[in-house]
Amino acid sequence: MSHLILQAVDAHYANKKILQQIDLGPLAAGQLHVLLGANAAGKSTLLKRIYGELTGHGEIFWGAQSISKLKKEHPLFPRYVPQDTQMNSSMTVFEAILIPLKQSGAWQVSDADMRSIDQLMQQLAIAHLAARKIQHLSGGQRQLVAIAQALICQPKILLLDEPTSALDLHHQFELLRLLKQIAKAQQICILTILHDINLALNFADSLSVLHQGEIYASGTPQQVITPQMLADVYRVRAHLLHSHHQQAVVVVEAAL
Ligand SMILES: Nc1ncnc2c1ncn2[C@@H]1O[C@H](COP(=O)(O)OP(=O)(O)OP(=O)(O)O)[C@@H](O)[C@H]1O
């Protein structure tokens, strides 16, 4: 069985407890799972806990296998793309994507490696940047390269912290469409933090809302994104509109 499950997971910084008894999942492979929540709810902390940057009580499973204490080289070790990728290097985009691909294996670059990198750069619409130095990229371009660095390793579990935060509207939609497509094609379990409720409504296969260090609700976007949740968690008065394509849109009327 290919899915991610968290059982009674907690996390803290020094003596300050941030996450309490988090039960999450099963989050199936092949799907895009979205984590929502207000500022400081503990979303990044939860991804860091799954990734192993933080430790604590509770268990994290992939199917029946515990992945809490895996080494970085293990194929089930999650790939994590932080919110601020802090990439400022004189490497080219091509080299930056090649390095994680060759981290576990021979240094020789095969034709297959070249093809995989080319294909991924095409998919992410960054092929024209292949020879450009990372330090000469815009914030949004760096964000796409960081995602390419994670995807090239073909992880089973991919954790993304606000991957659309530096992207314009077109690139936000294109990236989420592509992530959904790649998740399905490569049977990856993608868990991503989003701040844009309407992107979450459009693209999430499943959604969880973190509120003050606890799971407030989990389910389909339609089950979870309600005026009550938006009031309780985001402290806004809002309603949902349905377009003639049956696409739902959240309209915020006022801060509460
Ligand atoms: N390294 C740290 N040391 C101490 N406290 C921290 C640390 N990192 C985060 N925190 C605290 O943990 C809480 C949760 O932070 P976290 O970054 O997980 O929130 P978040 O939901 O991702 O927020 P945002 O939407 O603003 O990015 C916050 O109160 C934050 O101040």
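How many of the ten residues of helix 2 are buried? Seven, and that makes helix 2 mostly covered. One note before I go on: this is a predicted model.

Let me name the buried residues of helix 2. They are Val93, Phe94, Ala96, Ile97, Leu98, Pro100 and Lys102. Note that a lysine is on that list: Lys102 is buried. What covers them? The cover includes strand 6, which is residues 79-81, helix 3, which is residues 111-123, and helix 4.

Take helix 4 to begin with. Two packed helices are described by the angle between their axes and the distance between the axes. Helix 2 spans residues 93-102, and helix 4 spans residues 139-151. Their axes come within 8 Å and cross at roughly 30°. The cut-off for roughly parallel is under 35 degrees. Helix 2 and helix 4 are therefore roughly parallel to each other. The crossing is right-handed. On the helix 2 side, the contact uses Val93, Ala96, Ile97 and Pro100. On the helix 4 side, Val145, Ala148 and Gln149 take part. Sorted by class, that contact has six nonpolar residues, one polar and no charged.

An α-helix has 3.6 residues a turn, so residues three or four places apart point the same way. Keep that in mind while reading the contact lists.

Now helix 3. Helix 2 and helix 3 pack at about 125°, and their axes are 11 Å apart. That angle makes helix 2 oblique to helix 3. Here too the crossing is right-handed. Helix 2 brings Val93, Phe94, Ile97, Leu98, Leu101 and Lys102 to this contact. Helix 3 brings Asp113, Met114, Ile117 and Met121. The class split is eight nonpolar, no polar and two charged. Val93 and Ile97 deserve a second look. They touch helix 4, and they touch helix 3.

One more helix pair. Which way does helix 4 lie against helix 5, roughly parallel or roughly antiparallel? Helix 5 is residues 169-186, and the two pack at about 5° with axes 13 Å apart. That makes helix 4 roughly parallel to helix 5. Leu144, Ile147 and Leu151 of helix 4 meet His171, Leu175, Leu179 and Ile182 of helix 5. This contact divides into six nonpolar residues, one polar and no charged.

On to the sheets. Strands of a sheet pair through backbone hydrogen bonds, either parallel or antiparallel.

The four-stranded sheet is open, with order 2-1-4-5 and antiparallel pairing. Strand 2, residues 16-28, and strand 5, residues 65-66, stand at the edges. Each has a single partner strand, so one side of each has no neighbour in the sheet. Strand 1, residues 3-13, is joined to strand 4, residues 59-62, by four bridges. In that pair, Gln7 has Glu59 as its bridge partner, and Ile5 stands opposite Phe61. Helix 1, residues 43-51, packs on this sheet and touches strand 1, strand 2 and strand 4. The direction of helix 1 makes about 115° with that of strand 1.

Strand 1 and strand 2 are joined by seven bridges and run antiparallel. Tyr13 is bridged to Lys16 in strand 2. Two residues lie between the strands of this hairpin, and Ala14 takes a positive phi near 50°.

A quick stop at Gly63, in the loop between strand 4 and strand 5. Is Gly63 buried or exposed? At 11% relative accessibility, Gly63 counts as buried. The cut-off for buried is under 20%. Gly63 is 60 residues from His3 in sequence, yet the C-alpha atoms are 5.3 Å apart.

The six-stranded sheet is also open. Its order is 6-7-8-3-9-10, and its pairing is mixed. Strand 6 and strand 10, residues 214-219, are the edge strands, pairing on one side only. Neighbouring strands are turned by 15° against each other on average, direction ignored. Strand 9, residues 206-211, pairs with strand 10 in the antiparallel sense over five bridges. There, Ser208 stands opposite Ser218.

Which strands does helix 1 lie across here? Strand 3, strand 6, strand 7, strand 8 and strand 9, at about 155° to strand 7. Helix 5 packs on the sheet as well, touching strand 3, strand 7 and strand 8. The direction of helix 5 makes about 130° with that of strand 3.

Notes
Residues numbered from 1 in each chain as written. Predicted model: local features only at pLDDT ≥ 70, side-chain atom pairs only at ≥ 80, totals over all residues. Heavy atoms only, no water. Axes fitted to C-alpha atoms, helices over the stretch in contact; angles between N-to-C directions. Parallel < 35°, antiparallel > 145°, perpendicular 65-115°, else oblique. Left-handed = near helix turned anticlockwise from the far one by under 90°. Contact = heavy atoms within 4.5 Å. Nonpolar A, V, L, I, M, F, W, Y, C, P; charged D, E, K, R; others polar. Buried < 20%, exposed > 50% of the residue type's maximum accessible area, 1.4 Å probe, protein only. Pairing = 2+ DSSP bridges.
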